[in-house]
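Take a look at the chain below. This report walks through its overall build, its strands, its pockets and its backbone oddities.

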Amino acid sequence: SNSEYPLSDLRIKIEYPQGFEFQSALPSPIGENEWKVGLLNKAEGGRISLKGTLQGEAQEVKIFRAVLGSWKDGKFTLFKEATKGIEITKPKLLISQAVNGNPSYTPSPGDALHYVISFKNVSEKSFENLFLIVDLEGRPFDLSSVKAERGKFQEGDSSILWEAKDVSKLRFLGKGEEGRVEFWVNVKNSFEQFSSQDENFTLRDKVILSDAREEFTLKVNSRLVAEQSAQYQDEVFGNSGPLPPQAGSQTTYTVIWRVQNLYNDAENVTMRSVLPPEVSLTGKIFPEAAPLTLDSVSREIVWRVGDVGAGAGAFETAPTVAFQVA
């Protein structure tokens with residue numbers, strides 16, 4: 001702001017062109033295209049960065065429009081606007097990737113990964129003396145295990161370099177021709193030493209070939225852990241009956257279920273078990289609103305936990321439910 005007086009209740013809105021799909025933004029928007037700036041004093045400012053995908057035809061121009069203003073009495077007053085056109089160009093080089101033979105592989109801790117980076121000349125001309133760089137990002141990578149066929153990798157670095165003198169298709173890539181490079185790297189077996197800032201563990205590699213750039217991301221398997229304990233003496237319900245239990249008499253126990261999720265956000269989590277014929281639910285559940293159900297025919301107990309964030313049970317409180325059986 002260059003205004004002499006403070007500006008309040010500011011909002012920024014962006015109008016996306018057809019074919020644009022919003023993915024993420026920093027800071028997070030209201031919805032997908034509006035940001036609350038609030039108060040802005042003279043000489044203050046900020047930045048919004050967003051990421052998305054844009055679909056369209058070659059040489060098609062897509063227009064983005066950003067407006068700055070404020071809402072008052074349900075009316076938006078425009079202070080400033082900016083438009084920018086983006087032309088979709090035909091790519092010269094295409095880059096693709098497969099890990100362990102799968103373009104969408106999901107790694108697990110301890111996995112050995114075989115990366116194959118493929119590239120193709122889709123232009124009308126030939127390329128000579130290219131070089132290709134792969135930059136590895138993500139703490140789950142065990143960089144000490146990197147092996148790159150015909151590529152250069154130095155310990156303490158995170159980039160692998162292939163040069164024209166070592167790869168024939170980098171030396172000369174004719175129209176329509178394809179080439180590939182490959183390397184191997186392991187996923188660390190344990191991330192327990194990481195902090196809560198390391199939630200949502202991902203393996204990211206950025207590939208640079210001439211003016212072509214691609215970024216690939218793999219999410220590490222969540223490693224959900226189901227924990228169960230049964231207690232007679234507890235502070236949740238209070239139990240009764242002979243201990244040790246006796247035939248012909250009823251003894252109640254408190255069963256506690258807990259879900260731990262280490263590495264990545266998990267959606268629609270459920271935990272289930274089957275009650276044996278001589279055991280029944282008393283109906284006591286804590287918390288009372290917990291989505292715990294019993295199928296009287298199959299005798300299956302199902303706890304619909306829902307979404308469980310990364311770090312639950314390690315850096316955050318783990319989802320827990322308690323119920324009483326007799």
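Buried residues account for 32% of the 326 residues in the chain. Keep in mind that this is a predicted model. The secondary structure comes to 1 helix and 23 strands.

How does the radius of gyration of the chain stand against that of a compact globule of 326 residues? The globule would have a value near 20 Å, but the chain has 28 Å. The C-alpha trace spans about 85 × 65 × 40 Å along its principal axes.

**Strands around strand 15**

Start with strand 15, residues 202-209, and strand 16, residues 212-219. These two run antiparallel and are joined by 8 bridges. Two of the partners can be picked out by name. Isoleucine 208 has arginine 213 in strand 16 as its bridge partner. Valine 207 is matched with glutamate 214 in strand 16.

Strands 15 and 16 form a hairpin with 2 residues between the strands. There, serine 210 takes a positive phi near 55 degrees.

Strand 15 also pairs with strand 10, residues 132-137. This pairing is antiparallel too, with 6 bridges. Here isoleucine 133 stands opposite isoleucine 208. Isoleucine 208 therefore appears in two pairings: it faces isoleucine 133, and its partner in strand 16 is arginine 213. 

**A sheet of three strands**

Now move along the chain. An open sheet is built from 3 strands in the order 19-22-21, with antiparallel pairing. Why is one side of strand 19 (266-274) and of strand 21 (292-295) left without a neighbour in the sheet? Both stand at the edges, so each has a single partner strand. On average, neighbouring strands of this sheet are turned by 25 degrees against each other, direction ignored.

Strand 21 is joined to strand 22, residues 300-308, by 4 bridges, and the two run antiparallel. Among the partners is leucine 292, which is matched with tryptophan 303 in strand 22. The loop between strand 21 and strand 22 holds arginine 299.

**Two pockets**

The largest pocket has a volume of about 490 Å³. Its lining has 19 residues. Ile12, Val37, Gly46, Arg47 and Ile48 are the ones that lie nearest its centre. Which strands each supply at least two residues of this lining? They are strand 1 (7-15), strand 3 (34-40), strand 5 (61-72) and strand 6 (75-87). Strand 3 gives the largest share, with 5 residues. By class, the lining of the largest pocket has 13 nonpolar, 2 polar and 4 charged residues.

The second largest pocket holds about 340 Å³ of space. Its lining includes Thr53, Leu54, Gln55 and Gly56, along with Ile86, Glu87 and Ile88. Strand 4 (49-54) and strand 6 each supply at least two residues of this lining. Strand 6 thus contributes to the second largest pocket and to the largest pocket. The lining of the second largest pocket divides into 5 nonpolar, 4 polar and 3 charged residues.

**Backbone oddities**

Most residues other than glycine have a negative phi, and most peptide bonds are trans. The table lists some exceptions in this chain.

| Site | Feature | Angle |
|---|---|---|
| Leucine 243 and proline 244 | cis peptide bond | omega about 0 degrees |
| Phenylalanine 286 to proline 287 | cis peptide bond | omega near -5 degrees |
| Asparagine 100 | positive phi | phi near 50 degrees |
| Arginine 299 | positive phi | phi near 60 degrees |

Where does proline 244 lie? It is in the loop between strand 17 (224-231) and strand 18 (253-261). Proline 287 has its place in the loop between strand 20 (281-286) and strand 21.

Asparagine 100 is found in the loop between strand 7 (93-99) and strand 8 (112-121). Why does asparagine 100 count as partly exposed? Its relative accessible area is 33%, and the partly exposed class lies between under 20%, which is buried, and over 50%, which is exposed. Arginine 299 falls in that class as well, at 25% relative accessibility.

Conventions
Residues numbered from 1 in each chain as written. Predicted model: local features only at pLDDT ≥ 70, side-chain atom pairs only at ≥ 80, totals over all residues. Heavy atoms only, no water. Pairing = 2+ DSSP bridges. Axes fitted to C-alpha atoms, helices over the stretch in contact; angles between N-to-C directions. 1 Å grid on protein atoms, 1.4 Å probe; cavity = no way out; pocket = protein on both sides within 12 Å on 5 of 7 lines; lining within 4 Å. Points joined across faces, edges and corners; volume = space filled by probe spheres on them. Nonpolar A, V, L, I, M, F, W, Y, C, P; charged D, E, K, R; others polar. Buried < 20%, exposed > 50% of the residue type's maximum accessible area, 1.4 Å probe, protein only. Rg over C-alpha atoms; globule rule 2.2 N^0.38 Å.
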